[in-house]
Amino acid sequence: MDPKRLKLYDEIKKRGLTAERDQKILSELYDEGTHDLPDALPDIGRAGIETFSPVSDSIYAYNDLSSLQGITALQSTYNISLRPLDELLEKDKQREKDGFPRKINVGRLIKPGKGGKDKVVVVPTTVEEKFIHDSAFRPPEEGGQSGGTGEGEEGEVIGEQPVRAPDASGAGPGEGESGPHEMESNAYDLGKILTEKFELPNLKDKGKKRSLTRYTYDLTDKHRGFGQLLDKKATLRKIVETNISLGNLPDIGNIDPTRFLVSPSDKVFRILSREMDYESQAMVFFLRDYSGSMAGRSTVLVATQHVLIYSWLVYQYAMQVETRFILHDTEANEVQDFYTYYNSKVAGGTKVYSAYRLVNEIVERENLVQDYNIYVFHGTDGDDWDTDGKEAIPELKKMLTYSNRVGITIAEHALSHDTEVQKYLKASGLLTEKPDLIRLDVLQEDADEPRLIEGIKKLIS
Amino acid sequence: MELIDQHTKKIMEGCKERALNAGLRFQDETLEYIVTNRDLLELSPKLMIPTLYDYWVHEVEVLKEKGRYELYPSNPYETVINTRPAISFYNDNNPDWLNVLIFYHVLAHIDFFQNNMYFRHTWDYDFTGQALSDKRVIAKLRSEKGRWVDYVIEFTRGMDNLVGYHEDLSRLNRPRATNLSKRLDFYFDVFLQSVKKVKINNYIKEIERYNDCVNKDGERVEKSFFSEVRRKYPEFNAIFKKSLKEKSEHKIDLIQYLIEHSDFLRKDENEWMKSVMQVVRKTSLFFQPQIRTKIMNEGWASYWHEKLFLQDDRIRGHEVDFARAHAGVTSLPRVGLNPYALGMRIFYYIEEIADKGKYSIEFKRLLDADKREKFDAETGQGQDFIFKIRENLSDFLFVNTFVDQDFVTRNRLFVAGRRLNKAKMVWEFYVKSRKVEDYRKMLLDTLYHPPYIEIDPEKGKNNTLYLVHRFEGKPLVKEFIANTMMGIEYLWGSPVQLETSEVVSTSPPKEETKEPEIKWQRVLYTIDNRKLSKKNI
């Protein structure tokens with residue numbers, strides 16, 4: 001066990017804890033997990049116990065093409081997938097006008113690659129609704145049943161499967177569930193779709209150094225003799241000038257344009273020129289709680305929401321946005337790329353303030369306030385060892401002095417309500433004092449994608 | 001798409017010859033295509049039918065999580081489709097020996113399609129041809145009506161799992177009419193048994209009395225026989241006449257009902273919608289038998305590819321390759337259900353039992369366990385018997401009739417349960433039961449079974465369409481109800497109501513082993529002007 005963590009625990013314990021809190025903290029304390037990136041093939045089997053992948057296949061999941069011939073999932077290409085996407089969304093809008101509910105969801109999102117080569121998988125999804133039997137009405141603890149074969153007495157345990165098998169790794173949507181018609185596209189396209197839905201708030205003009213690399217092209221430069229577009233007014237002026245100096249314009253009151261002499265160099269054209277485009281720039285901090293308690297849906301939700309925000313930023317601010325990624329348990333770490341941010345496994349305890357402090361340090365150290373609009377998005381399950389936010393709130397207040405918006409997402413576990421973070425945020429009064437600067441969104445564990453997008457709107461509107 | 005080359009086609013023809021000699025029966029013409037990844041991209045959304053009508057949902061990733069097979073009762077990756085001629089699809093780099101295996105598998109599927117009575121309604125036409133003309137109808141309508149065609153397709157597909165498949169089948173599979181009069185049939189088949197519920201000995205007495213009449217009165221038997229009946233049951237004639245009236249109106253499914261009775265569709269400007277609805281309905285009917293014969297169909301094909309491959313002289317030396325491929329397909333998984341493995345074993349089992357003559361009254365009367373064990377009449381009828389099974393049964397009957405304790409014990413099958421171990425945070429799999437009753441129940445529970453929803457014209461007031469969901473221990477998926485009903489309302493043109501059952505509360509089981517208790521409530525959904533409301537009834 002981590003001695004530092006133990007020390008922290010002792011300190012907290014001295015201050016007094018409820019039994020429930022104690023248990024929560026202890027469970028994280030004794031969590032032996034590490035923050036490794038997931039292995040290619042997660043090895044979760046223990047000696048003597050077979051590990052099963054989730055049993056989902058009914059008899060209808062089998063088919064001849066894959067079973068007999070080994071023809072499996074097909075990969076569609078980028079080009080094929082792009083065309084219908086716009087059309088489909090257009091169609092969906094039309095549905096609303098016709099008085100029917102929308103049917104298309106834009107779903108399943110990212111395939112992080114190392115070194116910033118993230119691939120976002122944009123998949124329009126839908127479901128055809130029919131009257132069908134719902135077999136999932138029984139409580140899930142009872143689990144399903146299936147067929148089996150081989151040795152074993154009745155009642156004997158023959159194998160196990162981790163409850164949060166695919167999630168404990170912090171892998172989120174897209175990972176591991178690549179369907180047959182997955183459509184690949186990059187973050188840009190996802191952002192394009194999301195753009196309809198939201199916009200960065202409180203954007204202010206700040207330092208513009210970053211914009212130097214960005215140009216727009218416009219027909220603003222003039223050029224005599226040749227070019228792309230004849231500037232008629234300027235040309236006429238030039239012709240008049242030439243004719244005056246030639247003495248070809250005897251009576252100013254009665255000009256006869258048909259007698260003008262036109263020299264080739266009188267023609268004035270406009271040509272393309274490169275214009276520098278100055279835009280405000282933004283720095284976005286993504287903070288993710290990767291403590292042990294985040295295992296499961298909470299991480300998926302937070303990561304998915306951050307993917308959505310990240311994708312949208314990439315599109316909307318055309319790489320003008322700089323992003324920083326910070327992971328925290330009891331200590332905060334800055335990581336280099338989105339891949340690491342997205343995939344690091346959960347483990348350890350929780351100290352929210354550590355992440356806030358790190359953001360403050362970075363901002364101060366690099367003097368970011370001067371040049372950047374600063375946004376902070378923080379995702380957590382709301383659990384914090386620092387129960388009343390004694391450390392977190394001051395850091396947060398400091399953060400609010402310079403940031404344009406702080407958006408905190410709490411993905412609650414099914415059984416917990418009014419989490420620590422939520423409680424101390426409310427108690428601090430920051431939410432009501434500065435609604436323009438800080439927003440809180442509380443998600444239930446079973447939130448779906450539309451709910452996530454709703455949440456983002458709330459965070460950044 | 002390209003056809004397979006001549007060399008491979010020759011192999012196929014050789015397979016056909018051997019399969020026919022072994023007793024399989026199928027039309028001689030078949031088409032085999034090579035499919036590429038790109039072809040599959042286009043084919044799989046259309047369920048491998050190249051000519052299926054276009055619909056935007058085919059271009060979208062359809063969410064799989066929720067009741068995937070309940071919603072889409074057909075497999076998007078089938079190798080062979082039930083058309084005339086039958087079309088099958090292949091990888092272009094299969095080695096010859098593997099092609100032989102696949103060809104046998106495919107031929108057994110074709111044999112199944114063309115002989116199993118559940119496919120009876122697909123025998124008289126070629127579906128690809130039909131689908132092509134339907135596709136053109138829809139394309140033409142789409143050019144005139146635009147997106148409204150897609151709405152009609154969408155709303156009709158919302159009901160296409162409720163098509164009256166069994167009603168259609170029963171019209172086709174009528175037993176040959178007897179020479180006897182309807183009145184006589186009604187008297188013996190319905191009146192005595194269902195109305196009067198007479199005891200068996202009385203029933204037999206009536207038959208004897210009828211036979212006496214035949215002997216005594218010859219041609220005029222009916223008159224003399226029924227004069228007695230009239231005396232004994234004066235109400236008989238009235239009941240019989242009433243039954244004739246009831247019989248005449250056959251049952252129709254929801255889509256047909258809308259087509260025939262909807263005021264909205266009757267308007268001139270909406271007439272065209274009916275043809276779209278017909279297309280969706282026909283397409284759905286075509287796919288219905290596939291999912292109801294999955295275990296049998298795959299079992300049958302696996303049984304034959306094994307049998308025929310091992311007898312084939314052309315692929316000597318590939319026995320080990322075969323063993324690997326075959327085991328990959330047909331080994332029983334430790335946990336899970338594999339239709340190939342299960343179906344094939346059931347067929348082998350039935351064959352063996354029938355060979356020994358154990359499906360006879362003689363055997364059933366035998367009570368001595370030892371004698372039962374050793375019973376062997378050496379009938380040699382096993383193969384004939386399984387041919388009859390493949391002709392007449394569906395998955396439900398197949399499992400329900402032939403999965404018995406001996407079968408479960410022999411294959412060491414069990415029901416695998418899954419429970420949460422909270423201490424370790426893992427799902428534990430355990431051997432829940434090795435009893436055949438439980439195993440059979442588990443199997444039957446996994447079989448495709450759409451809800452049964454009837455129209456009750458009496459309860460629908462003021463032109464309301466009143467639907468009744470017959471409760472079978474499961475609720476409907478709640479979040480789908482609103483949009484499905486909205487679609488029906490659109491096509492019906494007036495409010496629609498649905499009576500169904502929902503879970504009110506679940507109380508934890510009183511004893512560890514028991515299932516939790518569930519309280520049900522009958523509810524009535526009403527959709528009026530696209531607004532859904534619900535009340536308890």
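**Exercise 1.** Find which residues B:L107 touches, leaving out those up to four places away in sequence.

*Solution.* Take contact to mean C-beta atoms, placed from the backbone, within 7 Å. With that cut-off, the partners of B:L107 are B:C15, B:K16, B:A19, B:L24 and B:F26.

A word on the model before we go on: it is predicted, so local features need pLDDT of at least 70 and side-chain atom pairs count only at pLDDT 80 or more, while totals for chains, interfaces and linings use all residues. Residues are numbered from 1 along each chain as its sequence is written, and chains are lettered from A and ligands numbered from 1 in the order in which they are written.

**Exercise 2.** Place B:L107 in the largest nonpolar core, and say which element gives the largest share of this core.

*Solution.* Start with burial: a residue is buried if 20 or more other C-beta atoms lie within 10 Å of its own, exposed if 12 or fewer, and partly exposed in between. A nonpolar core is then a set of buried Ala, Val, Leu, Ile, Met, Phe, Trp, Tyr and Cys residues joined through C-beta atoms within 7 Å. The largest one has 120 residues, and B:L107 is among the three that touch the most other members, with B:Y104 and B:V276. Helix α4(B) supplies the largest share, 13 residues. Apart from this core lies another of 61 residues, including A:Y290 and A:F377.

**Exercise 3.** Work out the strand order of the open four-stranded sheet in chain B, and find what packs on it.

*Solution.* Helices (H or I, at least four residues) and strands (E, at least two) are DSSP runs numbered from the N terminus, and two strands pair if DSSP finds at least two bridges between them. The order is β1-β2-β5-β4, with mixed pairing. β1 (2-3) and β4 (80-81) are the edges; each has a single partner, so one side of each lacks a neighbour in the sheet. Inside, β2 (30-34) and β5 (86-90) run parallel over five bridges, one of which joins B:T30 to B:A86. Helix α4 (96-115) packs on the sheet, touching β2, β4 and β5 of chain B.

**Exercise 4.** Look for unusual backbone geometry in three loops of chain B.

*Solution.* Between β4 and β5 sits B:P85, joined to B:R84 by a cis peptide bond with omega about -5°. Next, B:R412, in the loop between α22 and β6, has a positive phi of about 50° although it is not a glycine. This arginine, B:R412, is partly exposed. Finally, B:R530, between β11 and β12, has phi near 65°.

Technical notes. Contact = placed C-beta atoms within 7 Å. Axes fitted to C-alpha atoms, helices over the stretch in contact; angles between N-to-C directions.
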